[in-house]
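Subject: Structure handed over, with notes

Dear colleague,

Here is the structure that I said I would pass on to you. My notes follow below it, arranged by topic, so please read them with the model open.

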Amino acid sequence: MKKFISLLIFTLFFTAFTTAQIHNPVQWQTSVEKISASEFDLIVKATIDKGWHLYSQNVPDGGPIPTSFSFKNIKGQYELVGKTTEGDGHEAFDDVFEMDIKYFEKEAVFKQRIKVLTNSKITINETLEFMVCDDTNCLPPTEVDIAFTVQGKVSDLSSEDSTSKVDFNILNETKNKVSDSKSEDVIAKSEVENKSKEKSQKNKSLWTLFILSFFAGFAALLTPCVFPMIPMTVSFF
């Protein structure tokens, strides 16, 4: 009888211990959303059991372990664009930690945008650390390894950029040609106007000289030396 009771207690203890060990109130799902030829959103979705809380990435000091993401094999493969974003969640006073804490119930979605740096298919490895609590206790911090597969097209972006640059250069060259053409037209027009003004001034100067010479000759006839000779000159002719 005593052996049976001892065996029963050991079985119950072992069952409870095993259940506590394998209990996982959060299930994680991953997906990839394409933004452009080289940019993607890595999406991590948490489905949380009823009564449990998953904590935000931003938790005050002295509080529970925040949810965090650690990206690997970044160099030469991809780069992070901004920080990991998260949903609205809830913010309330936590009686256990005695502070206002943001947490998620039922579901939480995290997004991280990346930009790929190669045309090859790459696998993005990430380590996720989180902590969950219910109204009575908290489970120890847990780490989960997740991965994403992404195929980017960097060359397409490069060709687009080069095409844009070529178009921009052509536009600048066209503008410069139009500007040069306008400048040449202005210069030619200015030269024609200057020549016309010079010709007009030259003709005006000749007429002025003719009129002055005419009146000067007429005035010379009235001098005392020349005036008496007028009748003799007329009679001669």
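Read from one end of the sequence to the other, the protein runs in the order α-β-β-β-β-β-β-β-β-β-β-β-α-α, which comes to 3 helices and 11 strands. Please keep in mind throughout that this is a predicted model, and that the values below are computed from it. Of the 237 residues in the protein, 21% are buried.

I begin with the interior. The largest nonpolar core has 26 residues, and those with the most contacts inside it are Trp28, Val44, Leu54, Phe110, Ile114, Ile124 and Val150. Two or more residues of this core are given by each of the strands β1 (26–34), β2 (39–48), β4 (68–71), β8 (107–116), β9 (121–130) and β11 (142–151), and the largest share, 5 residues, comes from β2. As general background, nonpolar side chains in soluble globular proteins tend to be buried together.

Next come the charged pairs. The structure holds 3 salt bridges, and I take them one at a time.

In one of them the side chains of Arg113 and Asp41 meet, with a distance of 2.9 Å from N to O. This pair links distant parts of the chain, since Arg113 belongs to strand β8 and Asp41 to strand β2, with their positions 72 residues apart in the sequence. The two partners are worth comparing for their exposure: Arg113 has a relative accessible area of 31% and is therefore partly exposed, whereas Asp41, with a relative accessible area of 7%, is buried, because the cut-off for that class is under 20%.

Another salt bridge joins Glu107 to Lys45, whose closest N and O atoms are 3.3 Å apart. Glu107 lies in strand β8 and Lys45 in strand β2, so this pair ties together parts of the chain that are 62 residues apart in sequence. Here Glu107 is partly exposed, at a relative accessible area of 43%, and Lys45 also counts as partly exposed, at 29% relative accessibility.

The remaining pair to describe is Glu86 with Lys102, a salt bridge in which the closest N and O atoms are 3.0 Å apart. Glu86 sits in strand β5 (residues 78–86) and Lys102 in strand β7, and the pair links distant parts of the chain, 16 residues apart.

Which residues gather in a patch of negative charge on the surface? They are Asp95, Glu98, Glu105 and Asp135. Asp95 is found in the loop between β6 (90–94) and β7 (99–104), and at 66% relative accessibility Asp95 counts as exposed, because that class begins over 50%. Glu98 has its place in the loop between β6 and β7 and is exposed too, with 62% relative accessibility. Glu105 lies in the loop between β7 and β8, where a relative accessible area of 36% makes Glu105 partly exposed. The C-alpha atom of Glu105 is separated by 9.1 Å from that of Tyr55, a residue 50 positions away along the chain.

Some backbone angles may also merit your attention when you look at these loops. Glu98, the patch member discussed above, has a positive phi of about 55° although it is not a glycine. Lys106, which lies in the loop between β7 and β8, likewise has a positive phi, near 65°, in a residue other than glycine. With a relative accessible area of 65%, Lys106 is exposed.

One further loop residue completes these notes. Pro60 lies in the loop between β3 (53–55) and β4, and its relative accessible area of 39% places Pro60 among the partly exposed residues. Although Pro60 and Met99 are 39 residues apart along the chain, their C-alpha atoms are separated by 8.2 Å.

If you go through the model in the order of these notes, you might start from the core, where β2 gives the largest share, then turn to the salt bridge between Arg113 and Asp41 and the one between Glu107 and Lys45, and end at the negative patch on the surface.

With best wishes

Notes:
Residues numbered from 1 in each chain as written. Predicted model: local features only at pLDDT ≥ 70, side-chain atom pairs only at ≥ 80, totals over all residues. Heavy atoms only, no water. Patch = residues over 30% accessible without salt bridge, like charges linked within 9 Å, V, L, I, M, F, W, Y side chains within 5 Å. Areas by Shrake-Rupley, 256 points an atom, 1.4 Å probe, with all protein chains shown as cover. Salt bridge = Lys/Arg side-chain N within 4 Å of Asp/Glu carboxyl O. Lys, Arg positive; Asp, Glu negative; His and termini not counted. Charge placed at Lys NZ, Arg CZ, Asp CG, Glu CD. Helix = DSSP H or I, 4+ residues; strand = E, 2+ residues; numbered from the N terminus. Buried < 20%, exposed > 50% of the residue type's maximum accessible area, 1.4 Å probe, protein only. Core = buried A, V, L, I, M, F, W, Y, C linked by side-chain atoms within 4.5 Å.
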